[in-house]
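User: I want the reasoning behind the labels, not just the labels. Take me through it step by step.

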Amino acid sequence: MSHSPSSADVPEVPVEARDALFHELAAILPPAALITHPEELKPYECDGLTAYRQLPWLVTLPETEEQVVAILKACHRHRVPVVARGAGTGLSGGATPVAGGVILSLAKFMHILAIDPQACTARVQPGVRNLAISEAAAAYGLYYAPDPSSQLACTIGGNVAENSGGVHCLKYGLTVHNILKLRIALIDGTVVEIGSNAFDSPGYDLLALLIGSEGMLAVVLEAWVKLTPKPQTARVVMASFDDLTQAGNAVADIIAAGIIPAGLEMMDMPATAAVEDFVHAGYDLSAAAILLAESDGTPEEVEEEIAAMQTVLEKAGARDLRVSQDEAERLLFWAGRKAAFPAVGRITPDYLCMDGTIPRKHLATVLTRIGELSARYGLRCANVFHAGDGNLHPLIMFDANVPGELERATEFGARILELSVDVGGTITGEHGVGIEKVGQMCVQFTPDELAAFHAVKAAFDPHGLLNPGKAVPTPRRCSEYRLTGTAR
Amino acid sequence: MNDLSQQFIERVKSATAPLCIRGGGSKDWYGNAPRGEVLEVSAHRGIVAYEPSELVITARCGTLLTEIEAVLAEKGQCLPFEPPRFAAESTIGGVVAAGLSGPRRVSAGSLRDYLLGVKLLDGRGHELVFGGQVMKNVAGYDVARLMAGSLGTLGILLEVSLKVMPRPAATATLRFALSQAEALERLNRWAAQPLPIVASAWHEGMLTIELAGARAAVEAAQTKLGAGDTAPETFWDDLRDQRLPFFASETLWRLSVPPTTPPLDLPGEQLIEWRGGLRWLKTDLPAEAIRAAAAAVGGHATLWRAPPELKERVGAFAPLPAPLMTLHQNLKAAFDPRGIFNPGRLYPEL
């Protein structure tokens, strides 16, 4: 069973306009850069959110900025929707095609254009993989700090679109904290640069607005990213707890003690069970929750911070504490957390990964409620999350081949997100709204706020051609959602 | 009763002429000249929420910066971007609207990096909430951060939520006698190393740096870099609030440039912060020449303090390229369709 984005929010394109556009594109692009055959379109029908699929009308694979500009201009002239796309690792359907629309793949923009070790910056094309930046910067003792779980495959352009985070972002920030400047193309083909190699630029902070805008305001052509000196050393404490409340309180205690760990992650018992089988990291399988707290910096700093965290964790009631003794052991402790998604993937035919953020003080309450919902919907749920910043990733397990399970899983997920909003949090911390959470946007925002989002969109893209139907619901969709609890 | 939202809503809805949003007035001189009927917001005050373990503080716009800093200090926390206070009347709404950050900006990040959420009153009199009180939030466009530095041209910031951080366990200030070129070279070399240098200032042949972080890290860095001379205890606060004698000038330019920019050969006197990224300039050079010099190295120049007629003539802020100005105008129209909030304060076109 699969869903597609609501066609009602996507502009209709008359056949003549499409014919005219096709001829224009064929004149601009080499034949290999224009894909129309259904077989070849297939790989583009979804991103990491595979429950939603839609074949695009055609896919373009430009290689130069001039080609991107020409494609945008042509689409703009003929009022054809365009969805920009990187590696397609997004988990919320932000890169799902729209019916009758064009996919603008940036896969060929994969060059690191410059690294300036003195300025601690790199200038990269949008299709460069997140990890490739750190690999290239390693020669200078530098790295790119935001590290989404998909960093091996995901691209920096996609990171910008989703304002991606990762394990390090409690201490080192999200994408928005690590991008200095962007070269972007607007829907009419105008190319502008926003942000600066200096520490600020005049006027409104358009950079902040662009980052996390889910490809709805502009297309990224180049990004200048901030590089961070690689910490000399890193060690991790692994603590197990007998109950979730204790573990939640321990997180608050660490922060209250004035410590900002380089990573502070939690896994509950179902998650630990799933990953231990997979990576054999020696996790405590009888613990209600496992906390991983990392310290990085100079050896002196790390020693001081690890000792301080041990004291706090013991006082908070940790049953067992282990400190990584070398780099191999540190990586082993992390291996399970890093592999949590595939590990869960092994024990269930399908799963939905949710992404709510909550104030940390409600961790235990929310986890308990999720447990109750799990029983109510009859679906297993494993929790791995960025405890330090309250970003939950409940993994709801289901089998799409069992009639009704996908619907139940979707509903279960929606309830978790609404719960996040209820306790003062948000429906998405780092994965974006995409098409997955468009309905829940109606829960988090008032009609006036949604209208303001539409006005922002129109300020950049008056005809609504860039990635339409994503992220911000129309008033009509919200009334449907309020009536039926579903936006589709 | 410190919640004046309702009063503001009525004022905005009934406004027929531009409104000049004003908190403590500590930055009346900043940007282009304020215009319109004054709308006092300093009585809309109070800390709405603060829990140290959540690392977030939420306050009404009229809350004094000094009050917020005192409350945070009690719990060993701070606003790491060190907003300049300029005067005791400085309010948190003004801090966000001006978007300015202090000496530690290079290491800690800027105000916008710490702005998590706002409650905004738009030009239609609608109360809108963007962002929130959690660290990570990517639902909808990041309109909260758009407000940082928008100088009140998009709406009234009724409430702001800021991320706070623990105060560093230890700090130390070192001072070195160095030429400008040597100081810039050294600062940029240090930047690529894991050293806890959080702030820097060069003026008249003297480089002052601040170390901050874990006690062990600060001590190790002190040993590595050499002890140097110590600076007066009030140095960083005096720099942050511009009380150093250098800043007592009728005309002052602020040049924001890439930190690796070599010394700018411009007549006059310079004070350099932010590892070389911020160059304060006192000069008689014409505005056009200063702006061109900053642009030539990939930066921009703000006319910080100046006689009114000079600001009027050249504008406080560097002009924007046409397509960017169009986006600015579109955004202004989106939030303030009648153009009633702080017209001209940022740019004459807004």
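Analyst: Start with a definition. Buried means under 20% relative accessible area. The model is predicted. By that cut-off, helix α3 of chain A is mostly covered: ten of its 14 residues are buried.

User: Which residues in α3(A) are buried?

Analyst: In α3(A) they are A:E65, A:Q67, A:V68, A:V69, A:I71, A:L72, A:A74, A:C75, A:H76 and A:H78.

User: How do you know that the length of α3(A) agrees with what a helix should span?

Analyst: The expected span is 1.5 Å times one less than the number of residues. For the 14 residues of α3(A), residues 65-78, that gives 20 Å. The end C-alpha atoms are 20 Å apart, so the two values agree.

User: What follows α3(A), and what is the sign of its phi?

Analyst: A:R79 follows α3(A). Its phi is positive, near 60°.

User: Why is the pair A:E430 and B:K136 called a salt bridge?

Analyst: The rule asks for a side-chain nitrogen of Lys or Arg within 4 Å of a carboxyl oxygen of Asp or Glu. The closest N and O atoms of A:E430 and B:K136 are 2.9 Å apart, so the pair qualifies. A:E430 lies in the loop between α14 (405-422) and α15 of chain A, and B:K136 in the loop between β7 (127-131) and α6 (143-146) of chain B, so the pair joins two chains. A:E430 and B:K136 are both buried.

User: How many salt bridges are there between chain A and chain B?

Analyst: Five. Another pair across the two chains is A:D200 with B:R254, at 2.7 Å from N to O. Over all chains, the rule gives 49 salt bridges.

User: What else describes the contact between chain A and chain B?

Analyst: The contact takes 82 residues from chain A and 69 residues from chain B. The two chains bury about 6,100 Å² between them, 64% of it on carbon and sulfur atoms. There are 23 residue pairs in polar contact, both at pLDDT 80 or more. On the side of chain A that touches chain B, α16(A) gives the most, with nine residues. That side divides into 40 nonpolar, 25 polar and 17 charged residues.

User: What makes B:R240 and B:E69 a link between distant parts of the sequence?

Analyst: Their closest N and O atoms are 2.6 Å apart, so the pair meets the 4 Å cut-off for a salt bridge. B:R240 lies in helix α9 (residues 235-240) of chain B and B:E69 in helix α2 (residues 65-74) of chain B, so the pair ties together parts that are 171 residues apart in sequence. B:R240 and B:E69 are both buried. Both also belong to a network of salt bridges that includes B:R85, B:D237, B:D238, B:D241 and B:R243.

User: Why are B:D113 and B:R112 labelled as they are, buried or exposed?

Analyst: B:D113 has a relative accessible area of 10%, so B:D113 is buried. B:R112 has 11%, so B:R112 is buried too. Their side chains meet in a salt bridge at 2.9 Å, N to O.

User: How do you know whether B:Q270 is buried or exposed?

Analyst: Its relative accessible area is 9%, under the 20% cut-off, so B:Q270 is buried. B:Q270 lies in strand β14 (residues 269-273) of chain B. A polar atom of the B:Q270 side chain lies 3.1 Å from the backbone oxygen of B:L264. Leaving out residues up to four places away in sequence, B:Q270 touches several residues, among them B:W202, B:F246 and B:W280.

Methods:
Residues are numbered from 1 along each chain as its sequence is written. Chains are lettered from A and ligands numbered from 1 in the order in which they are written. This is a predicted model: local features need pLDDT of at least 70, side-chain atom pairs count only at pLDDT 80 or more; totals for chains, interfaces and linings use all residues. Side-chain values use heavy atoms; hydrogens and water are left out. Contact means heavy atoms within 4.5 Å. Buried area is the accessible area (1.4 Å probe) that two parts lose on being put together, summed over both. A polar contact is a pair of N or O atoms within 3.5 Å; within protein, one must be able to donate a hydrogen and the other to accept it, and residues adjacent in sequence count only if both atoms are side-chain atoms. Helices (H or I, at least four residues) and strands (E, at least two) are DSSP runs, numbered from the N terminus. Ala, Val, Leu, Ile, Met, Phe, Trp, Tyr, Cys and Pro count as nonpolar, Asp, Glu, Lys and Arg as charged, and the others, Gly among them, as polar. Buried means under 20% relative accessible area, exposed over 50%, partly exposed in between (1.4 Å probe, protein chains only).
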